[in-house]
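Q: Please take one part of this model and walk me through it closely. Start with a single pairing and follow the chain from there.

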Amino acid sequence: MTTRHHGSCLCGAVRFEVEGSFERFFLCHCSFCRKDTGSAHAANLFSTTAKLTWLTGESEVTTYHLPASRHAKSFCKTCGSALPRVAANAAALIVPAGSLESPTTIRPNAHIFVASRADWDRELETVPMLDRLPS
Ligand SMILES: [Zn+2]
Ligand SMILES: [Zn+2]
């Protein structure tokens, strides 16, 4: 059975399908990923065999390559949402976990580049967890 994953950007202009399975899932705390997500870490799924198909809005997808690094980010030109990309060496498809609507069945394999994590990124599981805005 072939696994199909579906995803989209926040504004809905871009929709895509990934056919195949993910092999690895990393939460990257490096300074580049923190800057480009505006958050504690990126959450990216990796596959060496899955195939990406843009269903709508491929012309809305752009990719920024950070000079003198291997870091890149694909995103929607309208809403800025992170979108899948093929690694520069074409060795892997990289899919931001938050861009997917289908269930993600694999758990993260590791937090990586934790030496670069934000100074506030400590023991976050001990911070109060609310189901809505604080009152
Ligand atoms: Zn969008
Ligand atoms: Zn990173």
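**Around the strands and the zinc site**

A: Let's start with Val61, whose bridge partner in β7 is Cys76. Before going further: this is a predicted model, where local features need pLDDT of at least 70 and side-chain atom pairs count only at pLDDT 80 or more, while totals for chains, interfaces and linings use all residues. Residues are numbered from 1 along each chain as its sequence is written, chains are lettered from A and ligands numbered from 1 in the order in which they are written, and side-chain values use heavy atoms, leaving out hydrogens and water.

Val61 belongs to β6 (residues 61-65), which runs antiparallel to β7 over 5 bridges; two strands pair if DSSP finds at least two bridges between them. Strands are DSSP runs of E with at least two residues, and helices are runs of H or I with at least four, numbered from the N terminus. This hairpin has 6 residues between its strands, and Ala68 there takes a positive phi near 60°.

β7 itself (residues 72-76) is mostly covered, with 4 of its 5 residues buried. Here, buried means under 20% relative accessible area, exposed over 50%, and partly exposed in between, using a 1.4 Å probe and protein chains only. On to the next hairpin: β7 also pairs with β8 (residues 82-83), antiparallel over 2 bridges, and Phe75 has Ala82 as its bridge partner there. Between β7 and β8 sit 5 residues, with Gly80 in the turn at a positive phi of about 80°.

Now over to β3 (residues 24-28), where 4 of the 5 residues are buried, so this strand is largely enclosed by the rest of the structure. β3 pairs with β4 (residues 42-47) in the antiparallel sense over 5 bridges, with Leu27 matched to Ala43. With β11 (residues 110-112), β3 pairs in the parallel sense over 3 bridges, and Phe26 is matched to Ala110.

Next comes the metal. Cys28, Cys30 and Cys33 coordinate the zinc ion (ligand 2) through their SG atoms at 2.1 to 2.3 Å, spaced C-x1-C-x2-C in sequence. Cys28 and Cys30 are both buried. Donors are N, O and S atoms within 2.8 Å of the metal (3.2 Å for Na, K and Ca), and because water is not among the atoms, sites may look incomplete.

Asp121 sits in the segment after β11. Asp121 is buried yet has no salt bridge, and the nearest side chain of opposite charge, Arg117, is 5.3 Å away. A salt bridge puts a side-chain nitrogen of Lys or Arg within 4 Å of a carboxyl oxygen of Asp or Glu. What Asp121 does have is a side-chain polar contact with the side chain of His29 at 2.8 Å.

So where do salt bridges turn up? A search of the whole structure finds 2. Glu17 and Arg4 meet in one, at 2.9 Å, N to O. That pair links distant parts of the chain, Glu17 in β2 (residues 15-19) and Arg4 in β1 (residues 4-8), 13 residues apart. Arg4 also meets Glu19 in a salt bridge, at 3.3 Å, N to O. Here too distant parts of the chain are linked, Arg4 in β1 and Glu19 in β2, 15 residues apart. Shared partners join Arg4, Glu17 and Glu19 into one network. Glu17 counts as buried at 14% relative accessibility, while Arg4 is partly exposed at 45% and Glu19 is partly exposed at 28%.

Note on methods
Lys, Arg positive; Asp, Glu negative; His and termini not counted. Polar contact = N/O pair within 3.5 Å; in protein donor to acceptor, adjacent residues only side chain to side chain.
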